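Please work through the following exercises with the sequence and the structure open beside you. Try each task before you read its solution.

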Amino acid sequence: MKWDTLDEEPCSLSRTVAVVGDRWTLLILRECFLRVRRFEGFQSSLQITRHLLSERLKKLVRFGILRRVPYSEAPKRYEYILTQKGLDLYPIIMAMVHWGDTHMGDERGRPMLHEHKTCGKLFDPVMVCSECGEVLHAKQVHVHAGPGRNEAVG
């Protein structure tokens with residue numbers, strides 16, 4: 001596999017990694033979910049170079065994860081808003097946060113707590129079966145080839 005053709009692979013994970021698989025893109029997405037919208041806000045919170053931030057934002061817009069919305073005409077400035085495609089990345093981000101809380105934490109505890117607005121409770125993100133609602137664990141899942149699989153792939 002070549003890095004610049006991952007988005008052409010017959011593998012959903014490879015295609016996803018092609019879009020969001022580098023550290024800066026993931027951190028930009030974190031900031032989006034924390035409601036940062038403007039270039040200066042991303043740059044301030046991430047301490048990322050303007051060039052690198054600009055490239056990552058352009059990529060996220062190109063793939064339809066973010067959309068640019070003007071908020072100032074003089075000078076022309078934009079906010080970056082998550083599209084539905086971008087919002088659909090939330091479970092991925094939350095799974096990574098949960099993994100970090102579980103395996104990379106220290107004695108101070110979690111850096112952020114997440115509260116479910118509907119019930120008002122703090123929660124841990126869990127993945128459940130869309131059919132029966134049971135919590136999923138890796139050893140309880142069997143993978144089958146799907147219609148988009150390339151038979152040449154092992």
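The exercises below go from the whole model to single residues.

**Exercise 1. How far can the model be trusted?**
Find the mean pLDDT of the protein and the helices where confidence is lowest and highest.

Solution. Begin with the kind of model, which is a predicted one. The mean pLDDT of the protein is 92, and 95% of its residues reach 70 or more. Then go to the separate elements: confidence is lowest in helix α1, residues 12–20, with a mean of 89, and highest in helix α5, residues 84–87, with 98.

**Exercise 2. The order of the elements**
State how many helices and strands the protein has, and list them in order from the N terminus.

Solution. The count gives six helices and two strands. Read from the N terminus on, the elements follow the order α-α-α-α-β-β-α-α. To complete the overall picture, note that the C-alpha trace spans about 55 × 45 × 30 Å along its principal axes, and that buried residues make up 25% of the 154 residues.

**Exercise 3. The buried residues of helix α1**
Determine which residues of α1 are buried and which helices they pack against.

Solution. First pick out the buried residues of α1, which are Ser14, Ala18, Val19 and Val20. Next look at what lies against these buried residues: they pack against α2 (23–33) and α4 (50–62).

**Exercise 4. Cysteines without a bond**
Count the disulfides in the structure, and decide whether cysteine 32 and cysteine 129 are buried or partly exposed.

Solution. The structure holds zero disulfides. Cysteine 129 is in no disulfide, and the nearest cysteine sulfur, that of cysteine 132, is 3.8 Å away, whereas a disulfide needs the two sulfur atoms within 2.5 Å. For accessibility, cysteine 129 counts as partly exposed because its relative accessibility is 21%. Cysteine 32 counts as buried because its relative accessibility is 2%, and buried means under 20%.

**Exercise 5. Unusual backbone geometry**
Locate the cis peptide bond from alanine 74 to proline 75, and examine the positive phi of arginine 35 and of glutamine 47.

Solution. Start from the general expectation that most residues other than glycine have a negative phi, and that most peptide bonds are trans. The peptide bond from alanine 74 to proline 75 is cis, with omega near 0°, and proline 75 lies in the loop between β1 (66–73) and β2 (76–82). Now turn to phi. Arginine 35 is not a glycine, yet its phi is positive, at about 75°; this residue belongs to the loop between α2 and α3 (39–46), and it counts as exposed because its relative accessibility is 59%. Glutamine 47, also not a glycine, has a positive phi of about 55°. The loop that holds glutamine 47 runs between α3 and α4, and glutamine 47 counts as exposed because its relative accessibility is 65%.

**Exercise 6. Placing glutamine 140**
Describe where glutamine 140 lies, how far it is from serine 45, and which residues it contacts once its neighbours within four places in sequence are left aside.

Solution. Along the chain, glutamine 140 is in the segment after α6 (90–103). Glutamine 140 and serine 45 are 95 residues apart in sequence, and their C-alpha atoms are 39 Å apart in space. Finally, with the neighbours within four places set aside, glutamine 140 is in contact with Glu134 and Val135.

Conventions
Residues numbered from 1 in each chain as written. Predicted model: local features only at pLDDT ≥ 70, side-chain atom pairs only at ≥ 80, totals over all residues. Heavy atoms only, no water. pLDDT = per-residue confidence, 0-100. Helix = DSSP H or I, 4+ residues; strand = E, 2+ residues; numbered from the N terminus. Buried < 20%, exposed > 50% of the residue type's maximum accessible area, 1.4 Å probe, protein only. Contact = heavy atoms within 4.5 Å.
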